[in-house]
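Let's take a friendly walk through a protein model, one piece at a time. Keep the picture in view as you read.

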Amino acid sequence: MNFIGKIDRYLDSLKVGKSTLVDSWFMMSSPMPILAVVVSYLFFLKIGTRLMKNRTPLQLTTIVSYYNAGQVVLATVLCIKVFKLNLFKDGIIYAGCRYPSNTQNPLLLDLGWWYFFAKFTELLDTVFFVLRKKDKQVTFLHVYHHVVMALYSWSYLKFAAGGEGAVLALLNSAVHIVMYSYYFLSGLGPKFQKYLWWKKYVTKMQLSQFILMLVYCIWTYFSPQCQYAAGFTYFISFNVIVFLLLFVNFYSKSYKKDAKESIQNGHNKMNGHNKIKNTKMAINGTKVPYDKFGVKSDNGVTRRSVKESSGPDFNFRNFEK
């Protein structure tokens with residue numbers, strides 16, 4: 001059998017999952033649909049940036065706002081579905097052990113499909129970035145995360161959905177409620193910016209999420225009460241470590257950049273203050289020091305005395321160095 005034949009045979013073997021019910025659902029009968037989506041996603045990423053290079057960014061504010069609101073709703077629904085499984089009946093640390101990887105529980109399988117659907121729709125994040133020419137947002141971390149999560153969520157549901165994945169889905173969905181709420185509010189305009197002081201905590205939540213996921217994967221691996229799919233546990237653990245390292249790198253760079261900009265802004269304000277204090281304003285052809293607040297200068301000149309000498313129409317902004 002040649003190489004192509006082996007690939008076809010392997011892909012045929014992937015058509016049969018652990019549940020005939022799951023196999024009958026949208027995009028779950030074969031790996032080909034999700035693989036086609038991922039390949040198209042990567043192709044669009046490469047071609048889209050070139051097509052938009054010399055074009056005006058598309059104004060998609062309304063569409064993106066609806067999209068972000070929809071992601072908040074979807075993540076909330078996922079959290080509700082997790083709690084309906086009654087995972088925490090035996091305590092938090094044993095929540096992932098309640099349903100083994102060979103479970104046929106319809107509620108858990110339903111959760112798995114909706115989680116996969118969420119990861120599938122999140123690929124639109126990148127599409128919107130490209131069309132709006134926000135190329136700096138399309139980092140390796142961004143693309144790697146979206147591709148891996150789309151493939152993982154499909155394969156986990158197809159072959160190994162269990163309680164362990166439900167706990168991880170809960171952690172991820174809870175973070176996404178906060179994250180997409182921030183995106184939604186930030187897209188409503190400048191008047192909402194003052195309410196977004198918690199931006200830096202979003203990334204911290206993502207980092208905490210990955211740490212908790214890694215700890216939980218290690219726990220389920222060594223716990224004799226948990227029946228998990230070892231291969232998927234290894235896969236999840238490896239990618240959680242990769243995500244964690246990439247996010248730490250992203251966070252450290254963002255923190256240093258924000259700190260640098262803050263220091264620079266502070267210097268600019270001090271320089272501006274000194275410039276204003278040292279400014280001389282022309283009054284009737286004579287230059288005199290003009291205080292920053294327009295109250296009183298070093299030689300006793302005030303706004304009132306200036307108006308009395310120059311008239312009520314004098315422009316206080318008309319000063320020069």
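## Two helices side by side

Helices α4 and α5 run roughly antiparallel to each other, because an angle over 145 degrees counts as roughly antiparallel, and these two pack at about 160°. Their axes are 10 Å apart, and α4 passes α5 in a left-handed crossing. Please keep in mind that this is a predicted model.

Which residues bring the two helices together? On the α4 side (residues 61–84), the contact is made by Y67, Q71, L74, L78, K81, V82 and K84. On the α5 side (residues 106–121), their partners are L107, D110, L111, W114, Y115, F117, A118 and T121. Sorted by class, this contact holds 10 nonpolar, 2 polar and 3 charged residues.

A general point helps in reading such lists. An α-helix has 3.6 residues a turn, so residues three or four places apart point the same way. Try looking for that spacing as you trace the α4 residues in the picture.

## A second partner for α4

Helix α4 also meets α6, which covers residues 124–131. Here the axes come within 12 Å and cross at roughly 160°, so α4 and α6 are roughly antiparallel to each other too. This crossing is left-handed.

The residues that meet are I63, V64 and Y67 from α4, with L124, D125 and F128 from α6. By class there are 5 nonpolar residues, 1 charged residue and no polar ones in this contact. Y67 deserves a second look: it takes part in the contact with α6 and also in the one with α5.

## A helix tucked inside

Is α6 largely enclosed or largely open? It is largely enclosed by the rest of the structure, because 6 of its 8 residues are buried. Those buried residues are D125, T126, F128, F129, V130 and L131. Their cover includes α4, along with α3 (32–52), α7 (140–159) and α8 (163–186).

Just beyond this helix comes K133, in the loop between α6 and α7. K133 is partly exposed, at 28% relative accessibility. Its phi is near 60°, a positive value in a residue other than glycine.

## Two more residues to find

M27 also has a positive phi, near 70°. You can find M27 in the loop between α2 (20–23) and α3. With a relative accessible area of 9%, M27 is buried.

Next, look for A169 in helix α8. Is A169 buried or exposed? It is buried, with a relative accessible area of 5%. A169 and Y115 are 54 residues apart in sequence, while their C-alpha atoms are 7.1 Å apart in space. Y115 is also one of the α5 residues that meet α4.

## Stepping back

Now for the whole protein. Its secondary structure comes to 11 helices and 2 strands. Along the sequence, the order is α-α-α-α-α-α-α-α-α-α-β-β-α.

How much of the protein counts as buried? The answer is 40% of its 321 residues. The accessible surface comes to about 19,400 Å², and 63% of that belongs to carbon and sulfur atoms. Finally, among contacts between residues at least 6 apart in sequence, 73% join residues at least 24 apart.

How values were computed: Residues numbered from 1 in each chain as written. Predicted model: local features only at pLDDT ≥ 70, side-chain atom pairs only at ≥ 80, totals over all residues. Heavy atoms only, no water. Axes fitted to C-alpha atoms, helices over the stretch in contact; angles between N-to-C directions. Helix = DSSP H or I, 4+ residues; strand = E, 2+ residues; numbered from the N terminus. Parallel < 35°, antiparallel > 145°, perpendicular 65-115°, else oblique. Left-handed = near helix turned anticlockwise from the far one by under 90°. Contact = heavy atoms within 4.5 Å. Nonpolar A, V, L, I, M, F, W, Y, C, P; charged D, E, K, R; others polar. Buried < 20%, exposed > 50% of the residue type's maximum accessible area, 1.4 Å probe, protein only. Areas by Shrake-Rupley, 256 points an atom, 1.4 Å probe, with all protein chains shown as cover.
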